[in-house]
Amino acid sequence: MIGNANVGYVVSAAGEPAAKPAPTHLLTTDMTLKIDSPLWHRNVGALIDALEKPNFWKILVRYLSDIVRFDSWVVLCFHVASRPDVYVESPGLDGGEDELFRDYLDGFYLLDPFYLACIEDPRACLQRLDDVAPDNFEAEEYYQRYFRLNVVKDEVQFNLPVGSGKVLALSLGATHRFTPDEMAVMSTIAPWLLALMRQRFRIVEAGEDQFQREGLPDEPVLPLLPGTHGLTKREMEVMHLMLSGSSSKSIAIKLRVSPETVKAHRRHIYLKLGVKSHPELFAILLKSRELGSGPVE
């Protein structure tokens, strides 16, 4: 949910709206004119007509760019037991595939606050980075070495649970902070945008269209470090939360244990992996991604 209660949007368990979108009086005159214009409503009609077309997502993103400024975008499906399926994404600066995003799919997604939020609390909603980021997010190596370089400043995500532990997500990244106007207008359009996402997913599931990127077969969840290295399941869980930016206090709350227990797990992790700090732990993570499934020396 968006931090401002006036611009949040969720749906009930039955799939029906449980909260009204942001009232348009919260928008500036300029933004109101954009979404009230005949052209915008013609675009919405065109989107409905494009539901079965292979380029549906690109058409949707193009129309969204008329009312919201963003610099990158991706449509993916999060899973509980495997890495995300990427349907379509914005191209890299050179027009090709973004290499940083390959690192994300190879395991960094396990540190993504949006992924963690979708798995822990799957619901139809519009979320902003502020709402899901751990308390120490910007101080962690994941933010400094990946997120800051890839997204830079802000991110929002339209999330839609689609059953079987899956969440369909449309993510918009920006090099600027989304303005209150932009957040309000995204909340205003969220009801019909989520409905379009649901219909698009049903069409794809029915086999009436093929738009998932080729060459990315389903794979099991990859631990951040190949092998267990003697770490217990709980220690692996604590390590993931540490690297994603959660403090010992927030990890304790999330896992329902005492902060002292979390600190004990952290000591064991450091001891077993032979490190003394978060940066050293993240360095091992990077090395492990380069070495594939081989042992970390």
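How many of the residues of helix 3 (residues 56-64) are buried? Select helix 3 to begin: 7 of its 9 residues are buried, and the helix is mostly covered. Keep in mind throughout that this is a predicted model.

**The whole chain**

Before going further, show everything as a cartoon. The chain holds 12 helices and 5 strands. It has 297 residues, of which 49% count as buried. Among contacts between residues at least 6 apart in sequence, 66% join residues at least 24 apart.

**Helix 3**

Return to helix 3 and show its side chains. Its buried residues are Phe56, Trp57, Ile59, Leu60, Val61, Tyr63 and Leu64. Now add the elements that these buried residues pack against: helix 2 (38-49), strand 1, strand 2, strand 5 (166-174) and helix 8 (180-205).

**The sheet**

Next, select the strands. The 5 strands form an open sheet in the order 2-1-5-4-3, and the pairing is antiparallel. Which strands stand at the edges? They are strand 2 and strand 3 (125-128); each has a single partner strand, so one side of each is left without a neighbour in the sheet. On average, neighbouring strands of this sheet are turned by 20° against each other, direction ignored.

With the sheet still displayed, bring back the helices that pack on it. Helix 3 touches strand 1, strand 2 and strand 5, and its direction makes about 40° with that of strand 5. Helix 5 also packs on the sheet, where it touches strand 1, strand 3, strand 4 and strand 5; the direction of helix 5 makes about 30° with that of strand 4.

**Strand 2 and strand 1**

Start at one edge and select strand 2 (residues 85-89). Is strand 2 largely enclosed or left open by the rest of the structure? It is largely enclosed, because 5 of its 5 residues are buried.

Add strand 1 (residues 72-78). Strand 1 and strand 2 run antiparallel and are joined by 4 bridges. Together they form a hairpin, with 6 residues between the two strands. To see one bridge, pick Leu76 and look across to strand 2, where its bridge partner is Val86.

**Strand 5 and its two partners**

Keep Leu76 selected and look towards strand 5, where Leu76 stands opposite Ala169. Strand 1 and strand 5 pair in the antiparallel sense over 7 bridges. Ser72 is another residue to pick here, as it stands opposite Gly173 in strand 5. Colour strand 5 by burial: 8 of its 9 residues are buried, and the strand is mostly covered.

Then add strand 4 (residues 154-163). Strand 4 runs antiparallel to strand 5, and 9 bridges join them. Within this pairing, Leu160 stands opposite Leu168 in strand 5. Follow the chain from strand 4 into strand 5 and there is a hairpin with 2 residues between the strands. Pick Ser164 in the turn, which has a positive phi of about 55°.

**Aromatic pairs**

Hide the cartoon and show the rings. The structure holds 3 aromatic pairs. Go to Phe56 and Trp57, an edge-to-face pair with 5.1 Å centre to centre and 70° between the planes. Phe56 and Trp57 are both buried.

Move on to Phe78 and Tyr115. Their ring centres are 5.5 Å apart and their planes are at 70°, so this pair is edge-to-face; the cut-off for that label is over 60 degrees. Phe78 lies in strand 1 and Tyr115 in helix 5 (residues 113-120), so the pair ties together parts that are 37 residues apart in sequence. Phe78 is buried, and so is Tyr115. Add Tyr109 to the selection: Phe78, Tyr109 and Tyr115 form one aromatic cluster.

**Helix 9 and helix 10**

For the last stop, select helix 9 (residues 233-244) and helix 10 (residues 248-255). What angle do helix 9 and helix 10 make where they pack? The angle is about 130°, and the axes are 10 Å apart. The two helices are therefore oblique to each other. Turn the view to look along the line between them: helix 9 passes helix 10 in a right-handed crossing. Show side chains at the contact, which is made by Arg234, Glu237, Val238, Leu241 and Met242 of helix 9, together with Ile251, Lys254 and Leu255 of helix 10.

Note on methods: Residues numbered from 1 in each chain as written. Predicted model: local features only at pLDDT ≥ 70, side-chain atom pairs only at ≥ 80, totals over all residues. Heavy atoms only, no water. Buried < 20%, exposed > 50% of the residue type's maximum accessible area, 1.4 Å probe, protein only. Pairing = 2+ DSSP bridges. Phe/Tyr/Trp six-rings, centres within 6.5 Å; stacked < 30°, edge-to-face > 60°. Contact = heavy atoms within 4.5 Å. Axes fitted to C-alpha atoms, helices over the stretch in contact; angles between N-to-C directions. Parallel < 35°, antiparallel > 145°, perpendicular 65-115°, else oblique. Left-handed = near helix turned anticlockwise from the far one by under 90°.
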